[in-house]
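Reader: I am new to this structure. Can you show me how to read its features, step by step?

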Amino acid sequence: MDAEASAPKPMWVLAMIGLAAFPVSASLYAYGPPGWSEHALSVLLAWSAIMLGFLGGIRWGLESSREQPRWSRLAGSIISPIAGFGLLVARGDLPTSWIITGLMAAFIIQWLFDHSAPDVPARYPRLMTVLTLGASVSLAMALEQAMAL
């Protein structure tokens with residue numbers, strides 16, 4: 001395992017703590033007591049928007065640390081936070097299943113951009129893959145529930 005492929009252990013621990021809100025809230029929404037469902041969905045949607053903003057901030061920070069930051073990459077770093085926020089505030093105007101699908105798509109698109117675009121630093125690809133997978137699987141679990149309602 002090379003140093004570039006794996007994040008330091010403290011980073012993994014903190015990332016897993018941050019990731020925990022996804023499966024916990026999705027599970028409570030899908031399988032928890034009926035009285036908790038709406039609150040759990042609110043937590044899942046808000047946390048998704050927050051994490052998309054966090055990931056966009058990482059991309060902004062990496063790009064702005066360059067000697068000559070590229071404005072197109074800086075502008076691109078705000079797409080996922082805008083998507084997350086836009087989907088969050090669209091709650092009530094769009095079906096829940098569309099909002100969840102949009103959030104899942106935003107996580108996957110962010111991951112694809114970070115791992116396939118030329119000259120985009122993906123410092124810890126394994127960590128980002130695990131986080132994207134955790135968020136996406138949790139959102140998929142919630143999507144199944146939303147489509148059943």
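Author: We will take salt bridges, helix pairs and a surface patch in turn. Keep in mind that this is a predicted model.

Reader: Let us start with charges. Why can side chains of opposite charge pair?

Author: They can pair when their charged atoms come close. Here the cut-off is a nitrogen of Lys or Arg within 4 Å of a carboxyl oxygen of Asp or Glu.

Reader: How many salt bridges does the count come to by this rule?

Author: The count is 4. One of them joins Arg91 and Glu38, with N to O at 2.3 Å. This pair links distant parts of the chain, 53 residues apart. Arg91 lies in the loop between helix H5 (79-89) and helix H6 (96-116). Glu38 belongs to helix H3 (residues 34-64).

Reader: Are Arg91 and Glu38 buried or exposed?

Author: Look at relative accessible area. Under 20% is buried, over 50% is exposed, and in between is partly exposed. Arg91 has 26%, so Arg91 is partly exposed. Glu38 has 49%, so Glu38 is partly exposed too.

Reader: Which side chain meets Arg59 in a salt bridge?

Author: Asp114 does, at 3.2 Å from N to O. Again the pair links distant parts of the chain: Arg59 sits in helix H3 and Asp114 in helix H6, 55 residues apart. Arg59 and Asp114 are both buried.

Reader: What is the partner of Glu63 at 2.6 Å?

Author: That is Arg70, and the 2.6 Å separates the closest N and O atoms of this salt bridge. Glu63 is buried because its relative accessible area is 3%. Arg70 is at 21%, so Arg70 counts as partly exposed. Salt bridges can also share partners. Here, such sharing joins Glu63, Arg66 and Arg70 into one network.

Reader: Now the helices. At what angle do the axes of H5 and H6 cross?

Author: They cross at roughly 170°, and they come within 10 Å. Angles over 145 degrees count as roughly antiparallel. Therefore H5 is roughly antiparallel to H6.

Reader: Which residues make the contact between H5 and H6?

Author: From H5, take Ser80, Ala83, Gly84 and Leu87. From H6, take Ile99, Gly102, Leu103, Ala106 and Gln110.

Reader: Let us follow Gln110 of helix H6. What does Gln110 touch?

Author: Leave out residues up to four places away in sequence. Then Gln110 touches Leu55, Gly56, Arg59 and Ser80. We met Arg59 as the salt-bridge partner of Asp114, and Ser80 as a contact residue of H5. Gln110 counts as buried because its relative accessibility is 4%.

Reader: How do the axes of H1 and H2 cross?

Author: At roughly 20°, coming within 5 Å. Angles under 35 degrees count as roughly parallel. So H1 is roughly parallel to H2 (residues 21-31). The contact uses Ile17, Gly18 and Leu19 of H1, and Ala21, Phe22 and Pro23 of H2.

Reader: Last, the surface. Which residues make the nonpolar surface patch of about 320 Å²?

Author: Val13, Leu14 and Ile17 make the patch. Ile17 is found in helix H1 (residues 9-19). Its relative accessibility is 57%, so Ile17 counts as exposed. Ile17 thus appears twice: in this patch, and in the contact between H1 and H2.

How values were computed. Residues are numbered from 1 along each chain as its sequence is written. This is a predicted model: local features need pLDDT of at least 70, side-chain atom pairs count only at pLDDT 80 or more; totals for chains, interfaces and linings use all residues. Side-chain values use heavy atoms; hydrogens and water are left out. Patches are made of residues with over 30% relative accessible area and no salt bridge: like charges are joined within 9 Å, nonpolar side chains (Val, Leu, Ile, Met, Phe, Trp, Tyr) within 5 Å. Accessible areas come from the Shrake-Rupley method with a 1.4 Å probe; for residues, only the protein chains shown count as cover. Helices (H or I, at least four residues) and strands (E, at least two) are DSSP runs, numbered from the N terminus. Buried means under 20% relative accessible area, exposed over 50%, partly exposed in between (1.4 Å probe, protein chains only). Axes are lines fitted to C-alpha atoms, for helices over the stretch in contact, and angles run from 0 to 180 degrees between N-to-C directions. Angles under 35 degrees count as roughly parallel, over 145 as roughly antiparallel, 65 to 115 as roughly perpendicular and the rest as oblique. Contact means heavy atoms within 4.5 Å.
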